[in-house]
Amino acid sequence: MLLADMSMEGVSGISVYRRIRTRIGKVGILAMTAYSIDKYAEKASMAGAQGIVGKVR
């Protein structure tokens, strides 16, 4: 299981999820974001994440 932020310094979470999906395949990915879940849920899912959670500010 990988818990990864959507916004990382120097790289987007979306590109990381795609790379992991391509190279490793069977690993659970849970995306997390401080921004709108509605805005990023579909993008994260299309990149290979099984779910998305919001950060508490």
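This is a short talk about how a sheet, two helices and two buried residues fit together in one structure.

Okay, hi everyone. Before anything else: what we're looking at is a predicted model.

Let's start with the sheet. It's an open one with three strands, in the order S1-S4-S5, and the pairing is parallel. If you're new to this, strands of a sheet pair through backbone hydrogen bonds, either parallel or antiparallel. Now, which strands stand at the edges? Those are S1, residues 2–5, and S5, residues 51–54. Each has a single partner strand, so one side of each has no neighbour in the sheet. Going from one strand to the next, the twist averages 30°.

Zoom in on S1 and S4, where S4 covers residues 29–33. These two pair over four bridges, in the parallel sense. To find one on your screen, look for Leu2: its bridge partner in S4 is Ile29.

Next, the helices. H1 lies across S1 and S4, and runs at about 175° to S4. H2 also packs on the sheet, but it touches S4 and S5, and its direction makes about 155° with that of S5.

And how do the helices sit relative to each other? H1 is residues 13–23 and H2 is residues 37–47; their axes come within 8 Å and cross at roughly 25°. Anything under 35 degrees counts as roughly parallel, and therefore that's what we call H1 and H2. The crossing is right-handed. Who makes the contact? From H1 we have Ile14, Tyr17, Arg18 and Arg21, and from H2 it's Lys43, Ala44 and Ala47. Sort those by type and you get four nonpolar, three charged and no polar.

Right, two residues to finish. Thr33 is in strand S4. Buried or exposed? Thr33 is buried, with a relative accessible area of 1%. Leaving out residues up to four places away in sequence, Thr33 touches Asp5, Met6, Tyr40, Ile52, Val53, Gly54 and Lys55.

Met6 was on that list, so let's go there. Met6 sits in the loop between S1 and strand S2, which is residues 7–8. Met6 counts as buried too, at 6% relative accessibility. With the same sequence neighbours left out, its contacts include Ile14, Tyr17, Ala31, Thr33, Tyr40, Ala44 and Ile52. One last distance: Met6 and Ala34 are 28 residues apart in sequence, and their C-alphas are 8.5 Å apart in space.

That's me done, thanks!

Key
Residues numbered from 1 in each chain as written. Predicted model: local features only at pLDDT ≥ 70, side-chain atom pairs only at ≥ 80, totals over all residues. Heavy atoms only, no water. Axes fitted to C-alpha atoms, helices over the stretch in contact; angles between N-to-C directions. Parallel < 35°, antiparallel > 145°, perpendicular 65-115°, else oblique. Left-handed = near helix turned anticlockwise from the far one by under 90°. Contact = heavy atoms within 4.5 Å. Nonpolar A, V, L, I, M, F, W, Y, C, P; charged D, E, K, R; others polar. Pairing = 2+ DSSP bridges. Buried < 20%, exposed > 50% of the residue type's maximum accessible area, 1.4 Å probe, protein only.
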